[in-house]
Amino acid sequence: NNPKIEVTPENTYIFKPPYKIMTKKELIKLLKKKDLKGEGGIMYDDVCESLPKAEKIVQNLTTDGKVIQILRPCDKKRVLFYYDHTTDMEIDGEFVKQWRSISVDGLDIQKIESYLDKQGIRSMQDQGIKKVAMPKRKKGPVNRKKRAPKDNDHLADVLEDYSEMTANKADR
């Protein structure tokens with residue numbers, strides 16, 4: 001029942017990797033497919049389990065600019081994404097210079113929105129920073145000793161027996 005172990009037809013056990021990739025090209029193909037479908041990236045740990053010499057291959061792909069490595073802020077694990085160069089675009093240096101020359105440090109959001117409204121530009125809504133929810137760890141089950149019910153021996157002289165009355169009601 002282990003998801004990482006597979007039984008072969010010869011009744012032997014083999015390791016079942018998360019992805020069936022054996023080469024650098026297969027890794028790029030898998031990352032490209034995930035990118036086109038919009039499924040996101042692949043965990044670096046899964047690639048290391050699936051691909052022989054994964055560290056070296058991923059390092060080479062990163063330096064070649066084919067793969068991007070991102071650290072997740074919640075648990076500091078690395079995620080690999082395909083770097084699609086078809087979306088690269090050249091931006092005029094003058095535009096970049098003007099963009100960097102404008103400072104909005106002293107302005108709050110309302111002032112910026114009112115200025116944009118005066119200029120005839122509507123600002124986007126819901127731009128607040130969204131916090132990543134940290135996954136909560138589940139606590140293990142607490143082992144409590146189960147106690148057997150106690151007999152009320154100290155009340156033996158006070159207790160009365162009503163079993164005859166309940167037996168008569170059941171007969172009716």
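Visitor: Where is the place of Lys-76?

Guide: In the loop between strand 4 and strand 5. Keep in mind that this is a predicted model.

Visitor: What is the phi of Lys-76?

Guide: General idea first. Most residues other than glycine have a negative phi. Now the case here. Phi of Lys-76 is near 60 degrees, a positive value in a residue other than glycine. The residue sits in the turn of a hairpin that strand 4 and strand 5 form, with 6 residues between them.

Visitor: Is Lys-76 buried or exposed?

Guide: Exposed means over 50% relative accessible area. Lys-76 has 60%, so it is exposed.

Visitor: Which residue in the loop between strand 1 and strand 2 should I look at?

Guide: Asn-11 lies there, with strand 1 covering 5–7 and strand 2 covering 13–15. Its phi is also positive, near 60 degrees, and it is not a glycine. Asn-11 is exposed, because its relative accessible area of 63% is over the 50% cut-off.

Visitor: Back to the hairpin. How many bridges pair strand 4 and strand 5?

Guide: There are 5, in the antiparallel sense; strand 5 spans residues 78–82. Follow single partners to see the register. Gln-69 has Leu-80 of strand 5 as its bridge partner. Ile-68 has Phe-81 of strand 5.

Visitor: What is the strand order in the open sheet?

Guide: The order is 3-5-4, in a sheet of 3 strands with antiparallel pairing. Strand 3 (42–43) and strand 4 (67–71) stand at the edges with a single partner strand each, so each has one side without a neighbour in the sheet. Strand 3 joins strand 5 through 2 bridges, again antiparallel. Met-43 stands opposite Val-79 of strand 5.

Visitor: Which strands does helix 1 lie across?

Guide: Helix 1 (residues 24–37) lies across strand 3, strand 4 and strand 5. Its run makes about 80 degrees with strand 5.

Visitor: What sits over the ring of Tyr-44?

Guide: The charged end of Arg-78, 3.8 Å from the ring centre.

Visitor: How many aromatic pairs are there?

Guide: A pair of aromatic rings is described by the distance of the centres and the angle of the planes. The count here is 1 aromatic pair. Phe-95 and Trp-99 form it, 6.2 Å centre to centre, with 40 degrees between the planes. Planes from 30 to 60 degrees apart count as tilted, so this pair is tilted. Both residues lie in helix 4 (residues 93–101), 4 residues apart, about one turn of the helix.

Visitor: How is the relative accessibility of Phe-95 classed?

Guide: Phe-95 counts as partly exposed, at 47%. Trp-99, at 64%, counts as exposed.

Visitor: Now the whole chain. In what order do the elements run from the N terminus on?

Guide: They run β-β-α-β-α-α-β-β-α-α-α. That comes to 6 helices and 5 strands. The radius of gyration is 33 Å, well over the 16 Å of the globule rule for 172 residues, so the protein is more spread out than a compact globule. Its C-alpha atoms fill a box of roughly 100 × 65 × 35 Å along the principal axes.

Visitor: What share of the residues is buried?

Guide: Buried residues make up 13% of the 172. Consider the contacts too. Among those between residues at least 6 apart in sequence, 46% join residues at least 24 apart.

How values were computed:
Residues numbered from 1 in each chain as written. Predicted model: local features only at pLDDT ≥ 70, side-chain atom pairs only at ≥ 80, totals over all residues. Heavy atoms only, no water. Phe/Tyr/Trp six-rings, centres within 6.5 Å; stacked < 30°, edge-to-face > 60°. Helix = DSSP H or I, 4+ residues; strand = E, 2+ residues; numbered from the N terminus. Buried < 20%, exposed > 50% of the residue type's maximum accessible area, 1.4 Å probe, protein only. Lys NZ or Arg CZ within 6 Å of the ring centre and 35° of its normal. Pairing = 2+ DSSP bridges. Contact = heavy atoms within 4.5 Å. Axes fitted to C-alpha atoms, helices over the stretch in contact; angles between N-to-C directions. Rg over C-alpha atoms; globule rule 2.2 N^0.38 Å.
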